Amino acid sequence: MAGSKICVICGESKRSNQLLTHKNLLLNDRFSICRDCANSIADFTDEESVIEMAQLANIPFVKNLYTDVKRQSKKPNFGIYQKRLAPYKKFETFSDSVFTTDGAAETVDVTPELERRWGKDYSEEEYAYFENALQGLIAIKPATTAFEIQRYVANVKLKNALDEAFKTGDPKGITALRKAYSEDSKDLGFDAVLSGNDDSGKSLGQRIQNWELNEPVPDNDKYEDTAGLKKYINKWFVIPMKRTFGVASEKEVDSLYED
Ligand SMILES: [Zn+2]
């Protein structure tokens, strides 16, 4: 059959529309990998199996996107993962894989999927910024449902609108948007992550993540903060951040105005 190839996994002859777009240059033209096999081998409850499939197809494994697909799709599969990967220019082959959740993209290709998620008529940089901000939120607090992802999307857009208001110096807009953004962030539980007081109901991993976010300096003589950096970090980052989320105490706010 013209255009059909043999799947190296099941050995069956498949039409081109049943085949995966793979980048494995070692495969002869007559051979490929069929979608059915890719989808049945890549089990999204088993990260290792997805990595193996990505390796065979010479497609990057990107932990953030894997997690994203796993949480968002009712029936996550390798095809959905590939679609999700498509906008990212810097992820081409398996050697571009990112096995941790800190990978971020600077530019993206604008796909219909991105337009559906964020709306149309944004620039490439804006889409990349949105996607990174979203991945950042997911890294702090994983979203468990498609609805939660939508709420994260709305939160990112609120933050963007607030940034725009700051740029144009619109005081009414700033006040309203800051309030909306702060409330929305609180509703999503990001204030708890920032204040770090409430560890109940969190997994060990989440607590470690939380600990890393809040307490990077071990309390040990050897690492005593001789330069007084902690004070500056508190004054210029932690407390203003807490204030944005409405969780700073009066004493903390007052300390901002002390010399
Ligand atoms: Zn097959």
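# A guided tour, from the zinc site to the aromatic cluster

Of the 259 residues in this protein, 32% count as buried. What you have open is a predicted model, with 12 helices and 3 strands. Among contacts between residues at least 6 apart in sequence, 47% join residues at least 24 apart.

**Stop 1: the sheet**

Start by selecting residues 5-7, which make up strand 1. Then add strand 2 (13-14) and strand 3 (31-32). Together these form an open sheet of 3 strands in the order 2-1-3, with mixed pairing. Strand 2 and strand 3 stand at the edges with a single partner strand each, so one side of each is left without a neighbour in the sheet.

Which way do strand 1 and strand 3 pair? They run in the parallel sense, over 2 bridges. To see where they meet, show Ile 6, which stands opposite Phe 31 in strand 3.

**Stop 2: the zinc ion**

Now select the zinc ion together with Cys 7, Cys 10, Cys 34 and Cys 37. The SG atoms of these four cysteines coordinate the metal at 2.2 to 2.3 Å. Along the sequence, the donor residues follow the spacing C-x2-C-x23-C-x2-C.

What is the arrangement of the 4 donor atoms? Their angles around the zinc ion are 101 to 122°, which makes the arrangement tetrahedral.

Switch on a surface here and look at two of the donors. Cys 7 is buried, with a relative accessible area of 1%, whereas Cys 10 is partly exposed at 32%.

**Stop 3: Val 8**

Step along to Val 8, in the loop between strand 1 and strand 2. Val 8 is partly exposed, at 38% relative accessibility. Ask the viewer for its contacts, leaving aside neighbours within four places in sequence, and you should find Leu 27, Phe 31, Ser 32 and Ile 33. If you draw a C-alpha to C-alpha distance from Val 8 to Leu 27, expect 8.7 Å, for two residues that are 19 apart in sequence.

**Stop 4: the largest nonpolar core**

Next, move to the helices. In soluble globular proteins, nonpolar side chains tend to be buried together. Here the largest nonpolar core has 44 residues. Select Phe 61, Phe 78, Tyr 81, Trp 118 and Tyr 152, the residues with the most contacts inside this core.

Which elements give two or more residues to the core? Colour these helices to see them:

- helix 2 (47-57) and helix 3 (63-72)
- helix 4 (78-85) and helix 5 (112-118)
- helix 6 (124-140), helix 7 (146-168) and helix 8 (171-187)

Keep Phe 61 selected and display what it touches, not counting residues up to four places away in sequence. Phe 61 touches Glu 47, Val 50, Ile 51, Ala 54, Tyr 66, Tyr 81, Phe 94, Ser 97, Val 98 and Phe 99.

**Stop 5: the aromatic rings**

The structure holds 10 aromatic pairs. One of them is Phe 44 with Tyr 81, a tilted pair at 6.4 Å centre to centre and 55° between the planes. Phe 44 lies in the loop between helix 1 (35-41) and helix 2, while Tyr 81 is in helix 4, so the pair ties together parts that are 37 residues apart in sequence. Are these two residues buried or exposed? Phe 44 is buried, with a relative accessible area of 4%, and Tyr 81 is buried as well, at 0%.

Now find Phe 94 and Phe 99: their ring centres are 6.1 Å apart and their planes stand at 70°, so this pair is edge-to-face. Phe 94 counts as buried at 17% relative accessibility, while Phe 99 is partly exposed at 43%.

To bring these rings into one view, select Phe 44, Phe 61, Tyr 66, Phe 78, Tyr 81, Phe 94 and Phe 99, which ring pairs link into a cluster.

**Stop 6: two positive phi angles**

Finish with the backbone. Most residues other than glycine have a negative phi. Go first to Asn 58, in the loop between helix 2 and helix 3. Its phi is positive, near 50°, and Asn 58 is partly exposed at 22% relative accessibility.

Then jump to Asp 121, in the loop between helix 5 and helix 6. Asp 121 also has a positive phi, about 65°, although it is not a glycine. With 76% relative accessibility, Asp 121 counts as exposed.

Conventions:
Residues numbered from 1 in each chain as written. Predicted model: local features only at pLDDT ≥ 70, side-chain atom pairs only at ≥ 80, totals over all residues. Heavy atoms only, no water. Pairing = 2+ DSSP bridges. Helix = DSSP H or I, 4+ residues; strand = E, 2+ residues; numbered from the N terminus. Donors = N, O, S within 2.8 Å, 3.2 Å for Na, K, Ca; no water. Tetrahedral: all angles 85-135°; square planar, octahedral: opposite > 155°, others 65-115°. Buried < 20%, exposed > 50% of the residue type's maximum accessible area, 1.4 Å probe, protein only. Core = buried A, V, L, I, M, F, W, Y, C linked by side-chain atoms within 4.5 Å. Contact = heavy atoms within 4.5 Å. Phe/Tyr/Trp six-rings, centres within 6.5 Å; stacked < 30°, edge-to-face > 60°.
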